[in-house]
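Open your viewer, switch on the cartoon display and keep the selection box handy. We will go from stop to stop, picking one piece at a time.

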Amino acid sequence: MNLVLRPLTINDREAFFEGLSLFSDMDRDWYTFVWNEDMSYENHLKILDDECHGKNLKEGRVPSSMLYAFLDGKIVGRSSIRHELNEFLSTIGGHIGYAVATSYRKQGIATEILKQSLLYCKNELGLKKVLLTCDDDNVASYRTIEKNGGLLEDRYIATDGTVVKRRYWIKL
């Protein structure tokens, strides 16, 4: 698979908006945390760069890298890599969150996105191990994590008792 996981550039404007339409059947956060209709693409890139460098972070955010998965020039997925963990990320969110457009699922793309995300964590961020979480009933996600070396540490039950998360560690 010739999938390339990387940050957006100024030249990716068209691919970004085409990718946004591929994710139209999901909540926008599955594709982007910061872009909205009132924002220019250039401003979007500036915010992503600031987040990567820990500048102008919103309350509760940590430095993070948003990488997009390009396959044949199309954005088919993304990975949000948190450079460090806060209390929320230590229990619920983890270091890496990834998503694949519905029409590209069940093709090994999530496994490849996570594999490349782990390399980024090791080579670019110098992390020694990373935490990944997923809903307990998300079989596709926990299989992806396990294929990439994830070892289940525990299951977390939210205070309201409704959400169970699997918590995995992967040594890099």
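Select helix H2, residues 41-52. Its twelve residues should span 16 Å at 1.5 Å a residue, and its end C-alpha atoms are 17 Å apart, which agrees. The expected span here is 1.5 Å times one less than the number of residues in the helix. Helices (H or I, at least four residues) and strands (E, at least two) are DSSP runs, numbered from the N terminus.

Before you click on, a note on what you are looking at: this is a predicted model, in which local features need pLDDT of at least 70 and side-chain atom pairs count only at pLDDT 80 or more, while totals for chains, interfaces and linings use all residues. Residues are numbered from 1 along each chain as its sequence is written, and side-chain values use heavy atoms, with hydrogens and water left out.

**Around H2**

Stay on H2 and show the side chains of Tyr-41, His-44, Leu-45, Leu-48, Asp-50 and Glu-51, the buried residues of this helix. Buried means under 20% relative accessible area, exposed over 50%, and partly exposed in between (1.4 Å probe, protein chains only). What do the buried residues of H2 pack against? They pack against H1 and S2, with contact meaning heavy atoms within 4.5 Å.

Now add helix H1, residues 13-22. H1 and H2 pack at an angle of about 90 degrees, with their axes 11 Å apart. The two helices are therefore roughly perpendicular to each other. Axes are lines fitted to C-alpha atoms, for helices over the stretch in contact, and angles run from 0 to 180 degrees between N-to-C directions. Angles under 35 degrees count as roughly parallel, over 145 as roughly antiparallel, 65 to 115 as roughly perpendicular and the rest as oblique. To see the contact itself, pick Arg-13, Phe-16 and Phe-17 on H1, then Tyr-41, Glu-42 and His-44 on H2.

Just after H2, click Gly-54, which takes a positive phi of about 70 degrees. Then move to Asn-56, in the loop between H2 and S2. Its phi is near 50 degrees, a positive value in a residue other than glycine. Asn-56 counts as exposed, with 66% relative accessibility.

**The S2, S3 and S4 strands**

Follow the chain to strand S2, residues 64-71, which pairs with S3 in the antiparallel sense over eight bridges. Two strands pair if DSSP finds at least two bridges between them. Strands of a sheet pair through backbone hydrogen bonds, either parallel or antiparallel. For a landmark, select Tyr-68 and its bridge partner in S3, Arg-78. S2 and S3 form a hairpin with two residues between them, and Asp-72 in the turn has a positive phi of about 55 degrees.

Is strand S3 mostly covered or mostly open? Colour residues 74-82 by accessibility: S3 is mostly covered, with eight of its nine residues buried. Next, add strand S4, residues 96-100, which runs antiparallel to S3 and is joined to it by five bridges. Here Ser-79 stands opposite Tyr-98 in S4.

**On to H4**

In the loop between S4 and H4, stop at Lys-106. Lys-106 has a phi near 65 degrees, positive although the residue is not glycine, and at 88% relative accessibility it counts as exposed.

Helix H4, residues 109-123, reaches 21 Å from its first C-alpha to its last, close to the 21 Å expected for its 15 residues. Its buried residues include Ile-109, Ile-113, Leu-114, Leu-118 and Tyr-120.

**The S5-S7-S6 sheet**

Finally, select the three strands that form an open sheet in the order S5-S7-S6, with antiparallel pairing. S5 (129-135) and S6 stand at the edges with a single partner strand each, so one side of each is left without a neighbour in the sheet. S5 pairs with S7 (residues 164-171) over seven bridges, and Leu-132 has Tyr-168 in S7 as its bridge partner. Show H5 as well: this helix lies across S5 and S7, running at about 15 degrees to S7.

Your last click is Gly-149, in the loop between H5 (139-147) and S6 (151-157). At 38% relative accessibility, Gly-149 counts as partly exposed. Leaving aside residues up to four places away in sequence, Gly-149 touches Trp-169 and Ile-170.
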